[in-house]
Amino acid sequence: MENLKRIALGFACAFGVAGGANTASAASCLEVVLTGVQGGPPVFQGQAGAGTLVKYGTEENGCSEVLLQFDAGRGTTQQLSKIGVPVGKLSAVFFTHIHSDHSEGLMDMMQLRWHFNSAGPKIDMVCSEDVTAPKGHTMSCREYGQNLGAALIASGEMAQRLSENPKRLPGGPSDLINTMTFLGKDSAQTVWESGDVKVSAIQSRHVAGHASYRVDTPAGSVVIGGDAGNDTPAPPRETSTSAQVEALSNGADIVVHSVIHPIMGPDGDSGFPPPIYYRQSTATDLGALSKRAGVKHLMLTHHIPPLGAPKQGPYPVKKGGLSADDYIEAVRASGYEGDVVIGPDLTKLRLVAQ
Ligand SMILES: [Zn+2]
Ligand SMILES: [Zn+2]
């Protein structure tokens, strides 16, 4: 879309807007902030767990009318505090899946919200309905949301806080969640809407109940792929990426996707378990997907391995650690010529409607 202009990339970029302040302030904008780029359950140098904040509004209000959090890994609340986004202001939280590295940050986020915002509003929690995995267990985002306060209730902490302020909701943080589940489908369906902002979802493969999302706004569009992988779980296959995510990404301005570097593959001597490698999307295949789908900006997150990390959990990384350029080089091997964004927590990208 020619009417979009990228004006800020990354952490340290100043916002430069041509023209008078009044003209600029009226423009609508979409901002995407990677709240946590850690890939999987390990922790490395304080990086937060997986999460992406999507903001929409006008330049005048800092793109802050609608604040949507996609996944909420460890440390999400802290990272949001660094960019001045109180958890009480979030409009909705969406889960691609409830692997703990994508969801464990919801607990302290909701406890904090309960502590200070018990009067509401509730937060919409949008995710797949319960799905039973092939091995028989059920992945239930709903149960996760409804049981957030269980340990705090059992410990007496909830009763203590209620005794200090009886206006708090008696059931704890779960009382502040408005659960909105959907039946996962192979084609996009609208799952959340507010004003000019529409969120659609598609079912994608990773673990039972995994979904990928697309946010459409007048200032641009962004796809949140999550940990999606290919329906064929291992080679031989054409690509490691998801056909469903590719359909969702068609013509999108931005794709945010979990990435694994090919160095972690079975040929790379890392010892990383092949089934886990194969269920993620590689940097090169994400470049190819972005090229086919006409995506302008590919934002890599959930880095496996983290930038500079000598190990992914217990698994050693060849070369002693990868740089951003190593990831970009792997993307470019696909022939993708669009913008590749990779950086630490709070790396961001803003689009402004012209
Ligand atoms: Zn993950
Ligand atoms: Zn996962």
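## The seven-stranded sheet

Seven strands line up as E10-E11-E12-E13-E14-E15-E18 in an open sheet of mixed pairing. At the edges sit E10 and E18 (339–341), each of which pairs on one side only. Ignoring direction, neighbouring strands here are turned by 20° against each other on average. Keep in mind as you look around that this is a predicted model.

Let's start at the E10 edge. Strand E10 (residues 189–194) runs antiparallel to E11 (residues 197–203), and five bridges hold the pair together. Ser194 has Val197 of E11 as its bridge partner. The hairpin between these two strands has two residues in its turn, and Gly195 takes a positive phi there, near 55°. Over at the other edge, E15 (residues 297–304) and E18 pair in the parallel sense over three bridges. If you want a landmark for that pairing, His297 stands opposite Asp339 in E18.

## E13 and Val222

Strand E13 (residues 220–224) is a good one to zoom in on. Five of its five residues are buried. Side chains in a regular strand alternate between the two faces of the sheet. In E13, Gly220, Val222 and Ile224 point one way while Ser221 and Val223 point the other, and all are buried.

E13 has a partner on either hand. With E12 (residues 211–217) the pairing is antiparallel over five bridges, and a hairpin through two residues connects E12 to E13. With E14 (residues 254–260) the pairing is parallel, over three bridges. Val222 takes part in both: Val215 has Val222 as its bridge partner in E13, and Val222 in turn has Ile254 as its partner in E14.

Which residues does Val222 contact beyond its neighbours within four places in sequence? The list is Leu30, Val32, Val54, Val215, Ala252, Asp253, Ile254 and Val256. Val222 also belongs to the largest nonpolar core, a set of 85 residues, where Leu68, Phe94, Val222, Leu298 and Met299 have the most contacts inside the core.

## Helices worth a look

Helix H10 (residues 283–293) is largely enclosed by the rest of the structure, because eight of its eleven residues are buried. Those buried residues are Ala283, Thr284, Asp285, Leu286, Gly287, Ala288, Leu289 and Ser290. Their cover includes two other helices, H8 (243–249) and H11 (324–332), along with strands E14 and E15. Right after H10 comes Gly294, with a positive phi near 70°.

Helix H4 (residues 105–117) has 13 residues and reaches 17 Å from first C-alpha to last, close to the 18 Å expected at 1.5 Å a residue. Its buried residues are Gly105, Leu106, Met109, Met110, Gln111, Arg113 and Trp114. Then there's Gln146, found in helix H5 (residues 141–146). Gln146 counts as partly exposed because 16 other C-beta atoms lie within 10 Å, and a residue needs 20 or more to count as buried. Gln146 and Leu176 are 30 residues apart in sequence, with 9.7 Å between their C-alpha atoms.

## Backbone oddities in the loops

Two cis peptide bonds are worth flagging. One joins Gly120 and Pro121, with omega about 5°, and Pro121 lies in the loop between H4 and strand E6 (123–128). Another runs from Pro235 to Pro236, with omega near 5°. Pro236 is placed in the loop between E13 and H8.

Next, a couple of positive phi angles outside glycine. Cys63 isn't a glycine, yet has a positive phi of about 55°. It sits in the loop between strands E3 (51–58) and E4 (66–70) and counts as buried because it has 26 C-beta neighbours inside 10 Å. Asp71, also not a glycine, has a positive phi of about 65°. Its loop runs between E4 and helix H2 (76–82), and with 31 C-beta neighbours inside 10 Å, Asp71 is buried too.

## The whole chain

Stepping back, the protein chain comes to eleven helices and 19 strands. The C-alpha trace spans about 60 × 60 × 40 Å along its principal axes. How does the radius of gyration fit with a compact globule, and what is its value? The chain has 20 Å, which agrees with the value near 20 Å for a compact globule of 354 residues.

Of those 354 residues, 49% count as buried. Among contacts with a separation of 6 or more, 69% are between residues 24 or more positions apart.

Technical notes:
Residues numbered from 1 in each chain as written. Chains lettered and ligands numbered in written order. Predicted model: local features only at pLDDT ≥ 70, side-chain atom pairs only at ≥ 80, totals over all residues. Pairing = 2+ DSSP bridges. Helix = DSSP H or I, 4+ residues; strand = E, 2+ residues; numbered from the N terminus. Buried ≥ 20, exposed ≤ 12 C-beta atoms within 10 Å, placed from the backbone. Rg over C-alpha atoms; globule rule 2.2 N^0.38 Å. Contact = placed C-beta atoms within 7 Å. Expected span 1.5 Å × (residues − 1). Core = buried A, V, L, I, M, F, W, Y, C linked by C-beta atoms within 7 Å. Axes fitted to C-alpha atoms, helices over the stretch in contact; angles between N-to-C directions.
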